[in-house]
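Here is a short round of questions and answers on side-chain pairs, burial and helix geometry. Look over the model before reading on.

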Amino acid sequence: MPVIALGGIKHTGKSTVGKIVSQRLALPFHDLDDLILKDLPPRWSIRKWYREKGEQEFRNKESVALAQYLKEEDQKGMRILALGGATLENPQALNLLKGSDTEIYILDEEVEILYHRIIKRGIPPFLDPLNPEESFRKMYTTRKQTLLNQGDYIINIHGMDQTNAAEHLIRLIRSKYGR
């Protein structure tokens with residue numbers, strides 16, 4: 001049985017939707033960010049690690065955490081994994097996912113909704129602090145194309161609340177696997 005990997009741009013609701021789906025279908029749930037955090041120094045956040053160590057170090061950490069998860073979880077049944085917002089742009093991580101029993105479900109949300117969700121917590125390190133909206137829109141356009149190309153399934157959640165998005169995903173999983 002596969003890993004159901006949820007991909008999408010930051011703040012599409014991958015973790016929240018994944019938790020709802022896992023509860024409703026009685027499947028284990030993991031968040032790749034949480035798996036990365038386990039190996040960071042105490043009181044470090046993903047944002048702090050990225051800001052202080054840089055993108056390449058973060059991508060390395062992400063790939064190591066993903067490889068460990070896929071190896072440890074290899075003999076278990078179906079489960080849900082929320083990916084990071086840029087995991088599918090990480091060549092090492094993408095190769096790991098594509099080389100395993102993993103199906104990638106992309107949560108696709110509108111750019112305006114995502115930008116407002118992201119900015120609520122402050123400007124993240126991957127955006128230009130002088131023009132965060134423009135840099136987010138640019139990143140969104142590039143990343144969305146990558147996500148659409150890499151996903152096995154695309155779930156348009158445009159404006160849906162996370163419960164409805166989860167219900168949509170549950171129907172898709174049940175139609176495929178009869179759970």
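Q: Is Glu109 buried or exposed, and what is its relative accessible area?
A: This is a predicted model, so every value here is computed from predicted coordinates. Buried means under 20% relative accessible area. Glu109 is therefore buried, with a relative accessible area of 1%.

Q: With which residue does Glu109 form a salt bridge?
A: The closest N and O atoms of the pair are 3.7 Å apart. A salt bridge needs a separation within 4 Å. The partner is partly exposed, with a relative accessible area of 24%. Glu109 forms this salt bridge with Arg117.

Q: Which residue forms a salt bridge with Arg137?
A: Arg137 lies in helix α7, and its partner lies in helix α6, 25 residues apart. The closest N and O atoms are 3.6 Å apart. Arg137 counts as partly exposed at 33% relative accessibility. The residue that forms the salt bridge with Arg137 is Glu112.

Q: How far apart in space are Glu112 and Arg137, C-alpha to C-alpha?
A: Glu112 lies in helix α6 and counts as partly exposed at 40% relative accessibility. In sequence, Glu112 and Arg137 are 25 residues apart. In space, C-alpha to C-alpha, the separation is 8.7 Å.

Q: Which residue is linked with Glu112 and Arg137 in a network of salt bridges?
A: The structure holds 8 salt bridges. Glu112 and Arg137 form one of them. The residue linked with them in a network is Glu133.

Q: What is the N to O distance in the salt bridge of Glu89 and Arg143?
A: Glu89 sits in the loop between β3 and α5, and Arg143 sits in helix α7, 54 residues apart. Glu89 counts as partly exposed at 22% relative accessibility. Arg143 is buried, with a relative accessible area of 10%. Their side chains meet at an N to O distance of 2.9 Å.

Q: Which side chain of opposite charge is nearest to Asp31, and how far away is it?
A: Asp31 is found in strand β2. Asp31 is buried yet has no salt bridge. Leaving aside neighbours within four places in sequence, Asp31 is in contact with Ser15, Leu81 and Ala82. The nearest side chain of opposite charge is Lys19, at 6.0 Å.

Q: What do the end C-alpha atoms of helix α1 span?
A: Helix α1 has 12 residues, at 1.5 Å a residue. The expected span is therefore 16 Å. The end C-alpha atoms agree with that, being apart by 16 Å.

Q: Which elements do the buried residues of α1 pack against?
A: The buried residues of α1 include Val17, Ile20, Val21 and Leu25. They belong to a set that packs against β1, β2, β3, β4 and α8.

Q: What angle lies between the planes of Tyr105 and Tyr153?
A: The structure has 5 aromatic pairs. Tyr105 and Tyr153 form a stacked pair, 4.6 Å centre to centre. Tyr105 lies in strand β4 and Tyr153 in strand β5, 48 residues apart. The angle between the planes is 20°.

Q: Which residue forms one aromatic cluster with Tyr115 and Phe136?
A: The rings of Tyr115 and Phe136 have centres 5.7 Å apart and planes at 45°, so the pair is tilted. Tyr115 is in helix α6 and Phe136 in helix α7, 21 residues apart. Tyr115 and Phe136 are both buried. The residue that joins them in one cluster is Tyr140.

Terms used: Residues numbered from 1 in each chain as written. Predicted model: local features only at pLDDT ≥ 70, side-chain atom pairs only at ≥ 80, totals over all residues. Heavy atoms only, no water. Phe/Tyr/Trp six-rings, centres within 6.5 Å; stacked < 30°, edge-to-face > 60°. Helix = DSSP H or I, 4+ residues; strand = E, 2+ residues; numbered from the N terminus. Buried < 20%, exposed > 50% of the residue type's maximum accessible area, 1.4 Å probe, protein only. Lys, Arg positive; Asp, Glu negative; His and termini not counted. Contact = heavy atoms within 4.5 Å. Expected span 1.5 Å × (residues − 1).
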